[in-house]
Amino acid sequence: MKTLPIAVAFGFFGAVAVTVSFSMQWPTWVMFLAWVSFYIFGKKVETSLWALLQIILGMIMAILIQLTAGGLDQLIGGLSFPVAVFLYIGSLAYFAGTKKLNNIPAWFLGLIILFGIHPPLEPLPVFKLLLPILAGFVFAWLNNKVVEMIYERQTSKPDIQ
């Protein structure tokens with residue numbers, strides 16, 4: 001019986017998240033990538049904010065890759081995109097050595113989101129992607145808080161057999 005309240009919490013927050021995502025016409029998979037990021041990168045507000053920043057930086061990197069490839073196209077043709085990817089992805093080795101921007105998986109999640117959605121390279125469509133990302137972190141945080149409260153309540157009571 002100890003698992004049932006936790007299962008209900010998981011199901012509730014998942015159902016609410018999907019409902020919000022569908023009603024807002026967000027890409028649900030983007031929201032769930034952010035949700036998973038909360039759990040993978042530490043389940044704390046501070047680590048989540050750093051992961052969020054690096055996801056956003058990964059999205060910016062994807063935009064820069066596309067812009068650079070477009071600029072190089074006249075010079076090197078079909079090699080422009082692989083060269084742009086090489087340059088930017090290669091730069092992640094330098095970020096990996098820093099104290100706060102070293103979360104390479106978060107950078108790649110940003111790349112995945114932007115390349116997966118392929119929005120027009122205009123501020124509003126790109127900015128709109130931040131909403132499901134933020135919502136994913138918030139739903140994960142809320143879910144985690146409720147599960148922690150359930151767990152604390154269960155462990156503070158003696159088991160009745």
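**Helix packing and buried residues in a predicted model**

User: In this predicted model, which residues does Q54 touch, not counting residues up to four places away in sequence?

Analyst: Q54 has its place in helix α3. Two of its partners, A106 and W107, also take part in the α5 side of the α3 contact. The full set touched by Q54 is K100, L101, N102, N103, A106 and W107.

User: Is Q54 buried or exposed?

Analyst: The relative accessible area of Q54 is 1%. Buried means under 20%. Q54 is therefore buried.

User: How far apart in space are Q54 and T19, C-alpha to C-alpha?

Analyst: Q54 and T19 are 35 residues apart in sequence. In space, C-alpha to C-alpha, the separation is 27 Å.

User: How is α3 oriented relative to α5?

Analyst: The two helices pack at an angle of about 50 degrees. Their axes are 6 Å apart. The crossing of α3 past α5 is right-handed. Because angles that are neither roughly parallel, antiparallel nor perpendicular count as oblique, α3 is to α5 oblique.

User: How many charged residues are in the contact of α3 with α5?

Analyst: On the α3 side, the residues include A51, Q54, I55, M59 and Q66. On the α5 side, they include A106, W107, G110 and L114. By class, the contact has 15 nonpolar and four polar residues. The charged count is none.

User: Which residues touch the most other members of the largest nonpolar core?

Analyst: This core has 33 residues. Elements giving two or more residues to it are α1, α2, α3, α4, α5 and α7. The members that touch the most others are I55, M59, I113, L114, I133, F137 and F139.

User: Which element gives the largest share of this core?

Analyst: The core holds 33 residues. The largest share is nine residues. It comes from α3.

User: Which residues is M59 in contact with, leaving aside its neighbours within four places in sequence?

Analyst: M59 is among the core residues that touch the most other members. M59 also belongs to the α3 side of the contact with α5. Its partners are G110, L111, I113, L114, V126, L129 and I133.

User: How does α2 run relative to α5?

Analyst: Helix α2 spans residues 28–40 and helix α5 spans residues 104–117. They pack at about 175 degrees, with axes 11 Å apart. Angles over 145 degrees count as roughly antiparallel. So α2 is to α5 roughly antiparallel.

User: Which residues make the contact of α2 with α5?

Analyst: By class, this contact has seven nonpolar, two polar and no charged residues. From α5 come L109, I112, I113, G116 and I117. From α2 come W29, V30, L33 and S37.

User: Is S37 buried or exposed, and what is it in contact with beyond its neighbours within four places in sequence?

Analyst: S37 sits in helix α2. Its relative accessible area is 1%, so S37 is buried. Its contacts are I55, L109 and F137.

User: How is α2 placed relative to α7?

Analyst: The packing angle is about 45 degrees, and the axes are 7 Å apart. The crossing of α2 and α7 is right-handed. That angle makes α2 to α7 oblique.

User: How many nonpolar residues are in the contact of α2 with α7?

Analyst: The α2 side includes V30, W35, S37 and Y39. The α7 side includes P132, I133, F137, W141 and N143. Four residues of the contact are polar and none are charged. The nonpolar number is 13.

User: Which residues is N143 in contact with, leaving aside its neighbours within four places in sequence?

Analyst: N143 is found in helix α7. At 1% relative accessibility, N143 counts as buried. The C-alpha atoms of N143 and V8 are separated by 10 Å, at 135 residues apart along the chain. The contacts of N143 are A9, F10, F13, W35 and Y39.

User: What is phi of K43, near which value?

Analyst: K43 lies in the loop between α2 and α3. K43 is partly exposed, at a relative accessible area of 39%. Its phi is positive, in a residue other than glycine, and near 55 degrees.

User: Near which value is phi of H118?

Analyst: H118 lies in the loop between α5 and α6. At 53% relative accessibility, H118 counts as exposed. Its phi is positive, in a residue other than glycine, and near 50 degrees.

Note on methods:
Residues numbered from 1 in each chain as written. Predicted model: local features only at pLDDT ≥ 70, side-chain atom pairs only at ≥ 80, totals over all residues. Heavy atoms only, no water. Axes fitted to C-alpha atoms, helices over the stretch in contact; angles between N-to-C directions. Helix = DSSP H or I, 4+ residues; strand = E, 2+ residues; numbered from the N terminus. Parallel < 35°, antiparallel > 145°, perpendicular 65-115°, else oblique. Contact = heavy atoms within 4.5 Å. Nonpolar A, V, L, I, M, F, W, Y, C, P; charged D, E, K, R; others polar. Core = buried A, V, L, I, M, F, W, Y, C linked by side-chain atoms within 4.5 Å. Buried < 20%, exposed > 50% of the residue type's maximum accessible area, 1.4 Å probe, protein only. Left-handed = near helix turned anticlockwise from the far one by under 90°.
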